[in-house]
Amino acid sequence: MDLNQHGGNKRVFQRLGGPPTADSRQKVCFNWRAGNCTRYQCPFLHRELPPMPAANGGGSNTYKRGFGNDHSFTGPPAARRNPNFNQSSTWGRVGGNLVVRKTEKLCTYWAQGSCKYGDKCRFVHSWSVSESVSLLTQLEGHQKVVNGIALPSGSDKLYTGSKDETLRVWDCQSGQCVNVYNLGGEVGCMISEGPWIFVGLPNAVKAWDIQTSAQHSLPGPAGHVYALVAGNDLLFAGVQDGAILAWRYNAATNGFDPAVSLTGHSLAVVSLVVGANRLYSGSMDKSIRVWSLETLQCMQILTEHTSVVMSMLCWDQFLLSCSLDQTIKVWVANDSGNLEVTYTHNEERVCFLCSFITLLLCDVIVM
């Protein structure tokens, strides 16, 4: 550290307005002049440069006005425009009444639940950034990670499942929790289909009919259920042991009968999606399997990912998949009908795909 003989930091001293030298090359921060500098330890001046002293020494008073205790200094343009601007705060830093301008970068500490700056953090505390999306309310009650959210069509209730072994029901108008179900196991996933809510649990799938209040427990899974999807009158569940179990709805009993068990994955199945009369399964074994919904036979195995396949989506003729290998891959069927990768997008943190991301990536492919 460059300390002067009086024990002060020469660089900081000069930056804050110390007497300029003949060879000074410091500049006034352009963003500070505009009132929006957000750089911590900005290398440029956060004040106007005082005039150079005159040869006869007449500039000494000017220097004192620029750096001393003279209250005639009006601060940066933002202070002159806004009478409520806090001149005592450190401009460009978090503090006082300064409005913090967010960057577009996600706060990694917030994502881990450990950011100590709160609203004063420079980085984004949100998984989505959009001028058309705003926070309505925060639903609080779960004690652990929420692994499933379902909003049944036509219902005014939101359902959430968590690792705290509870399912909570929220009123969409008031945002209040109106019911709590103790499930006796960590929720691994949850979906809604028609009037039904399906919840994946260790060694079981629970089903609720929100219209009739009928409840069923579907046995068969060996270990945690990580993924659920419905298609072709079947309910599919991706299980920890690598199997995909299927149940068929029985209208006569308003229940579900075991249909088939699809095997082939060597590790847990963590993502399922249905599209184009196919079932796609993503696994911790780094592969995607393509199953026919008519014959329930495996048609193709995709092995281009190098880590867990966390999520998939079908969009028109495209299949999209994201993985812990930090890529999103776009697959298209070739002339023989087999899927092949046509585009790979690198993304540092992605664990789930939604239709908005799909639309953006498909626009890239089509252009």
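Below, a biologist asks about a predicted model and a modeller answers.

Biologist: What pLDDT does the chain average?
Modeller: This is a predicted model, and 68% of the residues score at least 70. Over residues 1-25 the pLDDT is below 50, and that stretch has 28 contacts beyond near neighbours in sequence. Residues 55-99 are also below 50, with 61 such contacts. Where pLDDT is low, the predicted coordinates should not be read in detail. For the chain, the average pLDDT is 77.

Biologist: Which strands are at the edges of the open sheet of four strands?
Modeller: The order in this sheet is β1-β2-β3-β4, and the pairing is antiparallel. Neighbouring strands are turned by 20 degrees against each other on average, direction ignored. An edge strand pairs on one side only, and here the edge strands are β1 (146-150) and β4 (177-182).

Biologist: Which residue of β4 stands opposite W170?
Modeller: Strand β3 covers residues 166-171 and runs antiparallel to β4. Five bridges join β3 and β4. Opposite W170 in β4 stands C177.

Biologist: Which residues does the UniProt annotation "repeat: WD" cover?
Modeller: The annotation comes from an unreviewed UniProt entry. In the model, the span 262-301 is 0% helix and 57% strand, and its end C-alpha atoms lie 14 Å apart. According to the record, the annotation covers residues 139-180 and 262-301.

Biologist: Which strand gives the most residues to the largest nonpolar core?
Modeller: This core has 16 residues, and those with the most contacts inside it include F198, L228 and W247. In soluble globular proteins, nonpolar side chains tend to be buried together. Strands β5 (189-193), β6 (196-201), β7 (204-209), β9 (225-231), β10 (234-239) and β11 (244-250) each supply at least two residues of the core. With three residues, the strand that gives the most is β10.

Biologist: How many residues are in the other core, the one that includes W291?
Modeller: That core lies apart from the largest nonpolar core. Among its residues are V269, L279, W291 and L293. The number of residues in it is 13.

Biologist: Which residues does F198 touch, leaving out those up to four places away in sequence?
Modeller: F198 is one of the residues with the most contacts inside the largest nonpolar core. L228, L235 and F256 are also among those residues with the most contacts. The full list for F198 is C189, M190, I191, E193, K206, A207, L228, L235 and F256.

Biologist: How many of the seven residues of β13 are buried?
Modeller: Strand β13 covers residues 269-275, and it is largely enclosed by the rest of the structure. Six bridges join β13 to the antiparallel strand β14 (residues 278-283), and S271 stands opposite G282 in β14. A residue is buried when its relative accessible area is under 20%. In β13 the number of buried residues is six.

Biologist: N277 and L296 both have positive phi; which of the two counts as buried?
Modeller: N277 has a phi near 60 degrees and is found in the loop between β13 and β14. At 32% relative accessibility, N277 counts as partly exposed. L296, with a phi of about 60 degrees, is found in the loop between β15 (288-292) and β16 (298-302). At 16% relative accessibility, the buried residue is L296.

Biologist: Which residue in the hairpin of β19 and β20 takes a positive phi?
Modeller: Strands β19 (residues 327-333) and β20 (residues 339-346) pair in the antiparallel sense over seven bridges. The bridge partner of W331 in β20 is V341. Five residues lie between the strands, and a positive phi near 95 degrees is taken by G337.

Biologist: Is P258 buried or exposed?
Modeller: P258 is found in strand β12 (residues 255-262). Leaving aside neighbours within four places in sequence, P258 is in contact with A246 and W247. The C-alpha atoms of P258 and L234, 24 residues apart along the chain, are separated by 9.6 Å. The cut-off for exposed is over 50%, and with a relative accessible area of 70%, P258 is exposed.

Conventions:
Residues are numbered from 1 along each chain as its sequence is written. This is a predicted model: local features need pLDDT of at least 70, side-chain atom pairs count only at pLDDT 80 or more; totals for chains, interfaces and linings use all residues. Side-chain values use heavy atoms; hydrogens and water are left out. Two strands pair if DSSP finds at least two bridges between them. Axes are lines fitted to C-alpha atoms, for helices over the stretch in contact, and angles run from 0 to 180 degrees between N-to-C directions. pLDDT is the predictor's confidence in each residue, from 0 to 100. Contact means heavy atoms within 4.5 Å. UniProt positions are given in the numbering used here, feature names are shortened, and annotations may be inferred rather than shown by experiment. A nonpolar core is a set of buried Ala, Val, Leu, Ile, Met, Phe, Trp, Tyr and Cys residues joined through side-chain atoms within 4.5 Å. Buried means under 20% relative accessible area, exposed over 50%, partly exposed in between (1.4 Å probe, protein chains only).
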